[in-house]
Amino acid sequence: MNIEIRACQREDLPAACAIWNRVVEDGVAFPQMEALDVESGEAFFAQQSFTGVAADAETGRVVGMYILHPNNVGRCGHICNASYAVRADLRGQHIGEALVRHSLEKGRELGFRVLQFNAVVCSNVHALRLYEKLGFVRLGVVPGGFLRKDGVYEDITLMYHTL
């Protein structure tokens with residue numbers, strides 16, 4: 001599949017929300033607990049510094065998405081944060097890698113100096129491997145930092161990449 005990554009448009013919202021919501025509903029990766037509808041998704045995505053979608057270049061079908069935003073304010077406002085989601089049936093096809101690479105470029109373009117992840121769930125081994133492959137550095141582990149959907153607390157890893 002030939003992927004193009006571009007800014008999320010209004011017509012992308014149903015697909016972007018569905019992809020986002022699947023990760024939220026799975027309850028093993030995103031901290032959010034509430035699903036987005038098109039209206040709340042439009043507002044949430046508009047609050048980000050950038051919301052990107054990965055689309056099949058031939059069909060235009062949205063197959064993944066990410067958000068990029070400041071991780072903090074003021075004297076730490078040069079650090080950004082991102083979240084990524086890929087359609088469940090298309091995972092393992094390097095779409096996530098394309099999204100992460102794009103976010104590194106976009107973060108640099110927007111003037112951020114560091115991309116930091118506050119909460120990579122330790123059981124998310126595919127994400128951890130990908131981030132390390134792309135040059136992210138592990139900062140440490142927060143014991144029990146993530147509440148999974150099944151009520152179990154799981155460790156999270158903090159990571160960063162200099163832009």
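What volume does the second largest pocket have? About 160 Å³. Some notes on that pocket and a few other spots follow; bear in mind that this is a predicted model.

1. Starting with the second largest pocket, since I opened with it. The residues that line it include Val24, Glu25 and Gly27, then Phe30, Pro31, Gln32 and Met33, and further along the chain Phe146, Leu147, Arg148 and Lys149. Two elements, α1 and β6 (137–147), each give two or more residues to this lining. Sorted by class, the lining has 6 nonpolar residues, 2 polar and 3 charged.

2. Now the largest pocket. Its volume comes out at about 1100 Å³. The lining takes in 36 residues, and those closest to the pocket centre are Ala29, Tyr84, Asn124, Ala127 and Tyr131. If you want somewhere to centre your view, I'd pick those five.

3. Which elements supply at least two residues each to the lining of the largest pocket? On the helix side they are α1 (13–26), α3 (95–109) and α4 (125–133). On the strand side they are β3 (62–70), β4 (79–86) and β5 (114–121). Note that α1 turns up here and also among the contributors to the second largest pocket.

4. A word on the chemistry of the largest pocket. Its lining divides into 19 nonpolar residues, 12 polar ones and 5 charged ones.

5. On to the cysteines. How many disulfides does the model have? The count is 0. For Cys8, the nearest cysteine sulfur belongs to Cys17, and it sits 7.7 Å away. A disulfide needs the two sulfur atoms within 2.5 Å, so Cys8 is in no disulfide. Cys17 is likewise in no disulfide, with the sulfur of Cys8 as its nearest cysteine sulfur.

6. Are these two cysteines buried or exposed? Cys8 has a relative accessibility of 19%, and because the cut-off for buried is under 20%, Cys8 counts as buried. Cys17 is at 3% relative accessibility, so Cys17 counts as buried too.

7. Last, Gln93. Where is it? Gln93 lies in the loop between β4 and α3, and both of those elements supply residues to the lining of the largest pocket. Gln93 has a relative accessible area of 40%; that value falls between the 20% and 50% cut-offs, so Gln93 is classed as partly exposed. As for its separation from Asp12, the two are 81 residues apart in sequence and 21 Å apart in space, taken C-alpha to C-alpha.

How values were computed: Residues are numbered from 1 along each chain as its sequence is written. This is a predicted model: local features need pLDDT of at least 70, side-chain atom pairs count only at pLDDT 80 or more; totals for chains, interfaces and linings use all residues. Side-chain values use heavy atoms; hydrogens and water are left out. On a 1 Å grid over the protein atoms alone, a cavity is a set of points where a 1.4 Å probe fits but cannot get out, and a pocket is an open set with protein on both sides within 12 Å along at least five of seven lines; lining residues have an atom within 4 Å of a point. Grid points are joined across faces, edges and corners, and a volume is the space filled by probe spheres set on the points. Helices (H or I, at least four residues) and strands (E, at least two) are DSSP runs, numbered from the N terminus. Ala, Val, Leu, Ile, Met, Phe, Trp, Tyr, Cys and Pro count as nonpolar, Asp, Glu, Lys and Arg as charged, and the others, Gly among them, as polar. Buried means under 20% relative accessible area, exposed over 50%, partly exposed in between (1.4 Å probe, protein chains only).
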